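Let's take a walk through this protein, starting from the inside and working outwards. Have the viewer open as you read.

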Amino acid sequence: MATACEGNLEVAPTAGGDGLVAWAARSGGRQTRGPVRGGLRFVFYGRVSTEDWQDPVTSRARQREQARALVRGHGVIVAEFFDAGQSRTVAWGRRPEAAGLVAQLADPDRGWDAIVVGEYERAFCGSQYAAMAPLFEHYGVQLWMPEAGGRVDYASEHDEHAMTVLGLSSKREVTRTSIRVRTAMAVQAREQGRYLGGRPPYGYRLGDAGPHPNKAHAAWGRRAHRLEPDPETAHIVRWIFARRLAGHSVARIAGAE
């Protein structure tokens, strides 16, 4: 998992706002339904990080319901873009659905007036809001989020500060989780001899380590594994290390019979 958030669109030829505008103006657009009377026409944007550990169907429905509740009485959702399997650290221009949404901004017949998201972290991380807001504002597209209580005011210092804090919090969550997982995995391997996945290194094989420590997995009969010396190859690994400690070079050890 990446630990640094990308704020730039990354598909624009230049890093500045003019580059973003030019790219959006050149891009094509997906058709949406026609105008809605008596309110704003919203496009819903959502995202789910993984398909293996999260249910995209449930996550999408939850996010869309939150978005629908936010805009109730102000308009209706007429289109949606939903990225599955995309980390929040990935810039908008490299998320397929988000890039498709941006491609419609310059189209005057795009069929919607505002973007609504179910929660900040599903759309932005780090400085991504600061990179995208000028583009939305340039094309007169509103942005609605629950954290802002509705429409984000691009000219409001209060909203700008709130978005900055949310971006830092979103980035911190990713970084903290990444560090926590790496540290926990290192401890499990070092202190418990736990096998953490992948092909066992040469000289080792998988051994049974008892019931899985996760009670849910254990209830299904799953077992934990650990690495143990392979009786057929472990002596070769011991010999290699002994030769190295004796001062032999890697090339000499590799060429020895």
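Start with F124. Setting aside neighbours within four places in sequence, F124 is in contact with W92, Y129, M132, F136, L143, M145 and S170. Bear in mind that you're looking at a predicted model.

Where does F124 fit in? It belongs to the largest nonpolar core, a set of 29 residues, and along with Y45, W92, I115, Y129, F136 and L143 it is among those that touch the most other members. Strands and helices both feed this core: the elements below each supply at least two residues.

| Element | Residue range |
|---|---|
| Strand 1 | 40-48 |
| Strand 2 | 75-84 |
| Helix 3 | 96-103 |
| Strand 3 | 114-117 |
| Helix 4 | 128-138 |
| Strand 4 | 142-145 |
| Helix 5 | 157-191 |

Which helix gives the most to this core? That's helix 4, with 5 residues. There is also a second, separate core of 11 residues, and its members include A67, F82, A114 and W144.

Now for the rings. F124 turns up again here, in a cluster where ring pairs link it with Y45, W92, Y120, Y129 and F136. The structure holds 6 aromatic pairs. If you like charges sitting on rings, go to R110: it lies over the face of W112, at 5.0 Å from the ring centre.

Next stop, G193. You'll find this glycine in the loop between helix 5 and strand 6, the latter covering 204-211. Is G193 buried, partly exposed or exposed? Its relative accessibility is 29%, so it counts as partly exposed. Leaving out neighbours within four places in sequence, G193 is in contact with Q188, H225, R226 and L227. E228 is worth a look too: it is 35 residues away from G193 along the chain, yet their C-alpha atoms are separated by 8.6 Å.

Finally, zoom out to the whole protein chain. It has 8 helices and 7 strands. Of its 257 residues, 38% are buried. Take the contacts between residues at least 6 apart in sequence, and 68% of them join residues at least 24 apart. As for the outside, the accessible surface comes to about 14,900 Å², and carbon and sulfur atoms account for 53% of that.

Conventions: Residues are numbered from 1 along each chain as its sequence is written. This is a predicted model: local features need pLDDT of at least 70, side-chain atom pairs count only at pLDDT 80 or more; totals for chains, interfaces and linings use all residues. Side-chain values use heavy atoms; hydrogens and water are left out. Helices (H or I, at least four residues) and strands (E, at least two) are DSSP runs, numbered from the N terminus. Buried means under 20% relative accessible area, exposed over 50%, partly exposed in between (1.4 Å probe, protein chains only). Contact means heavy atoms within 4.5 Å. Accessible areas come from the Shrake-Rupley method with a 1.4 Å probe; for residues, only the protein chains shown count as cover. Rings of Phe, Tyr and Trp (its six-membered ring) pair if their centres lie within 6.5 Å; planes under 30 degrees apart count as stacked, over 60 as edge-to-face and the rest as tilted. A charge sits over a ring if NZ of Lys or CZ of Arg is within 6 Å of the ring centre and within 35 degrees of the ring normal. A nonpolar core is a set of buried Ala, Val, Leu, Ile, Met, Phe, Trp, Tyr and Cys residues joined through side-chain atoms within 4.5 Å.
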